[in-house]
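Grab a pencil and work through these exercises with the structure open beside you. Try each task before you read its solution.

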Amino acid sequence: MEARLDDIPRRLAGGVGSALEGLDYFAQDAIYRSMVAQDPSFIFDSLRPIGDEFWNLINGERTFAQIADALIFQFDFELDQELFLPLAAGLLREGRIELSPREAEGEA
């Protein structure tokens, strides 16, 4: 299953976590390069706090788009929401989150 911006994630484990879990250095570097291409003020060291806060914002009610918007606002970067989807994909791949069923367009 691929994460989409309209998906609503729910954590499968509580406690401390980070959206960087399950992403090796090369995957993190790819995310960094995408983000710095859009906003030159972005630095690699921003990934850790963004990943941590991404995890903290998952509450079973917010969509990935809402989480991305909150991070963009909080960290004051000019980034597209889609750039945060690799973080979601890593959490899905690691089994740390599940997605609520999609109700729109007959998807479940």
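Before we start, a residue counts as buried when its relative accessible area is under 20%, as exposed when it is over 50%, and as partly exposed in between. Keep in mind that this is a predicted model.

**Exercise 1. How far can we trust it?**

Find the average pLDDT of the chain, and the stretch where pLDDT stays under 50.

Solution. Step one: the chain averages a pLDDT of 91, and 93% of the residues score at least 70. Step two: go through the elements, where α3 has the highest mean pLDDT, 98, and β2 the lowest, 94. Step three: look for the weak spot, which is residues 104-108, where pLDDT stays under 50. The model has 4 contacts beyond four places in sequence for that stretch. Where pLDDT is low, don't read the predicted coordinates in detail.

**Exercise 2. Check the length of a helix.**

Work out what span helix α3 should have, and compare it with the distance between its end C-alpha atoms.

Solution. Step one: α3 runs over residues 64-75, so we have 12 residues. Step two: the rule is 1.5 Å times one less than the number of residues. Step three: that gives an expected 16 Å, and the end C-alpha atoms are 16 Å apart, so the two agree.

**Exercise 3. Which side of α3 faces in?**

List the buried residues of α3 and say how they are arranged around the axis.

Solution. Step one: the buried ones are Phe-64, Ala-65, Ile-67, Ala-68, Leu-71 and Ile-72. Step two: these residues cover an arc of only 160° around the axis, so they sit on the same side of α3. Step three: ask what covers them; the cover includes β1 (9-11), α2 (47-57), α4 (85-93) and β2 (97-99).

Now pick Phe-64 and list its contacts, skipping residues up to four places away in sequence. You should get Ala-3, Arg-4, Leu-5, Asp-7, Pro-9, Phe-54, Leu-85, Ala-88, Ile-97 and Leu-99.

**Exercise 4. Just before and just after α3.**

Are Thr-63 and Asp-76 buried or exposed?

Solution. Step one: Thr-63 lies in the loop between α2 and α3. Its relative accessibility is 16%, so Thr-63 counts as buried. Apart from neighbours within four places in sequence, Thr-63 is in contact with Leu-5, Asp-6, Asp-7, Ile-8 and Pro-9. Step two: Asp-76 follows α3 and belongs to the loop between α3 and α4. With a relative accessible area of 61%, Asp-76 is exposed. Step three: check the backbone, where Asp-76 has a positive phi of about 60° although it is not a glycine.

**Exercise 5. Explore α4 and the core.**

Find the buried residues of α4, then see which elements build the largest nonpolar core.

Solution. Step one: in α4, the buried residues are Leu-85, Leu-87, Ala-88, Gly-90, Leu-91 and Leu-92. What covers them includes α1, α2, α3 and β2. Step two: zoom in on Leu-85, which is buried at a relative accessible area of 19%. Leaving out residues up to four places away in sequence, Leu-85 touches Ala-3, Arg-4, Leu-5 and Phe-64. Step three: the end of the helix is followed by Gly-95, whose phi is positive, near 75°.

Step four: turn to the largest nonpolar core, which has 31 residues. Met-35, Phe-54, Phe-64, Leu-79, Phe-84 and Leu-87 touch the most other members. The elements giving two or more residues to this core are α1, α2, α3, α4 and β2. α3 gives the most, with 6 residues.

**Exercise 6. Classify the ring pairs.**

What kind of aromatic pair does Tyr-25 form with Phe-26, and what kind with Phe-44?

Solution. Step one: the structure holds 6 aromatic pairs. Step two: Tyr-25 and Phe-26 are 5.7 Å apart centre to centre, with 75° between the planes, which makes the pair edge-to-face. Both residues, Tyr-25 and Phe-26, are exposed. Step three: for Tyr-25 and Phe-44, the centres are 5.8 Å apart and the planes meet at 45°, so this pair is tilted. Step four: Tyr-25 lies in helix α1 (residues 25-38) and Phe-44 in the loop between α1 and α2, so the pair ties together parts that are 19 residues apart in sequence. Phe-44 is partly exposed, at a relative accessible area of 28%. Step five: put the rings together, and Tyr-25, Phe-26, Tyr-32, Phe-42, Phe-44 and Phe-77 form one aromatic cluster.

Definitions and conventions. Residues are numbered from 1 along each chain as its sequence is written. This is a predicted model: local features need pLDDT of at least 70, side-chain atom pairs count only at pLDDT 80 or more; totals for chains, interfaces and linings use all residues. Side-chain values use heavy atoms; hydrogens and water are left out. Helices (H or I, at least four residues) and strands (E, at least two) are DSSP runs, numbered from the N terminus. Buried means under 20% relative accessible area, exposed over 50%, partly exposed in between (1.4 Å probe, protein chains only). The arc is that of the directions from the helix axis to the C-beta atoms. Contact means heavy atoms within 4.5 Å. pLDDT is the predictor's confidence in each residue, from 0 to 100. Rings of Phe, Tyr and Trp (its six-membered ring) pair if their centres lie within 6.5 Å; planes under 30 degrees apart count as stacked, over 60 as edge-to-face and the rest as tilted. A nonpolar core is a set of buried Ala, Val, Leu, Ile, Met, Phe, Trp, Tyr and Cys residues joined through side-chain atoms within 4.5 Å.
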